[in-house]
Amino acid sequence: MMNRRGLIGASLVGSAMLGAKASAAEGGVKLDGPCVISTWDFGVAANQAAWAVLSKGGRALDAVEAGARVPEQDLKNHSVGRAGYPDRDGHVSLDACIMDELGNCGAVAALEHIAHPISVARKVMEKTPHVMLVGAGALQFALEQGFPREELLTPESRIAWEAWKKDAKYEPKANSEVGDYGKTSGQLGTPGGANNHDTIGMLAIDAKGNIAGACTTSGMAWKMRGRVGDSPIIGAGLYVDNEVGGATSTGVGEEVIRNVGSFLVVELMRQGRSPEAACREAVERILKKKPNAKEFQVGFLAVNKQGEVGAWAIQSGFSYALCDGKKQDLLLPGKATYQLTS
Ligand code: SD4
């Protein structure tokens, strides 16, 4: 097994090893046995928590819940869970969903005051006959289930919100290259913060070969109150079919919802596409219907039943993290860029 700490370091400084792995990623990567993949740089830490479950023979569902909770509680992460940037009125409003190998799923949307929406989503799946609870009803359910009511707007996020309010422009922007964030209006990611990306979407395969997925986010920063993106919507932000594989998305959720993106990726894999080809076709579908979506960022990440992993995004810069018994915490910077002329 590779040295975990060393690999993280190597990933972040862009070593020669990373370059080699990145090239491999362009054609897809094959993972062996139990494995977990997740979106963006913060997927590295999330994968560690998931791997702690998988490496002991644990269930994929438990792994993805444990993994998704890591960015949810990270105070430096302003796009997932506690400390997420609020809506334009200052409310931190969270979206999450989870899906297991049996096709069971649960979701919460526009949930406020609860730090771990992914765990509430799991309770919706396991304790109710429903798939999704939203807003006040989701909060009521979470409190009934014993989740503590908390203030999720941190001082740092409040300062960022106050700064945004000076112009109060509502125009979702593409977040592409790492380091671009300071140049955008801060709609997505952290202005000036290179390692703060968006939603975490996570997919895991356990020792029994079962697949589960989780997706959790605070959504688009400064969104309209009540706005819900793709992340908590089964089929849009996440989809798992245990016969085929799983997919998840990140980026401007409206574009993903319009095309039921993650379901589309899984169905394309069912028809024989590789994970990467399926992700690419889903991106192309979005752009074909709406060419000006190329201004936005949407990325898909997928794994099939055989452990082959692929990703594609409208803009370059979409990174994802991989972890199995041999490749621990490997971060792959996204090279996939769709070009309308290609
Ligand atoms: C949303 N897809 O709410 C999420 C957020 C995200 O890049 O991933 N932003 O639309």
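Tutor: A disulfide is counted where a pair of cysteine sulfur atoms lies within 2.5 Å, and we shall apply that cut-off to this model, which is predicted.

Student: How many disulfides does that rule give here?

Tutor: In general, a disulfide is a covalent bond between the sulfur atoms of two cysteines. In this structure the count by this rule is zero. Cys 215, for example, takes part in no disulfide, and the nearest cysteine sulfur, which belongs to Cys 97, is 5.3 Å away.

Student: Why is Cys 323 not bonded to Cys 35?

Tutor: Because the sulfur of Cys 323 is 8.7 Å from the one in Cys 35, its closest cysteine sulfur, the two are too far apart for a bond.

Student: Is Cys 323 buried or exposed, and how should I class Cys 215?

Tutor: Cys 323 has 0% relative accessibility and therefore counts as buried; Cys 215, at 0% relative accessibility, counts as buried too.

Student: Turning to the ligand, which of the 13 residues around it come nearest?

Tutor: They are Asp 198, Thr 199, Arg 227, Asp 230 and Gly 251. For polar contacts, look at pairs of N or O atoms: an oxygen atom of the ligand is 2.6 Å from a side-chain N or O atom of Arg 227, while a ligand nitrogen is 2.6 Å from an N or O atom in the side chain of Asp 230. At Gly 251 the partner is a polar backbone atom, 2.7 Å from a nitrogen atom of the ligand. The ligand taken alone exposes 290 Å², of which the protein buries 99%.

Student: What classes of residue make up the shell around the ligand?

Tutor: The shell has eight polar, three charged and two nonpolar residues.

Notes:
Residues numbered from 1 in each chain as written. Predicted model: local features only at pLDDT ≥ 70, side-chain atom pairs only at ≥ 80, totals over all residues. Heavy atoms only, no water. Near = heavy atom within 4 Å. Polar contact = N/O pair within 3.5 Å; in protein donor to acceptor, adjacent residues only side chain to side chain. Areas by Shrake-Rupley, 256 points an atom, 1.4 Å probe, with all protein chains shown as cover. Nonpolar A, V, L, I, M, F, W, Y, C, P; charged D, E, K, R; others polar. Buried < 20%, exposed > 50% of the residue type's maximum accessible area, 1.4 Å probe, protein only.
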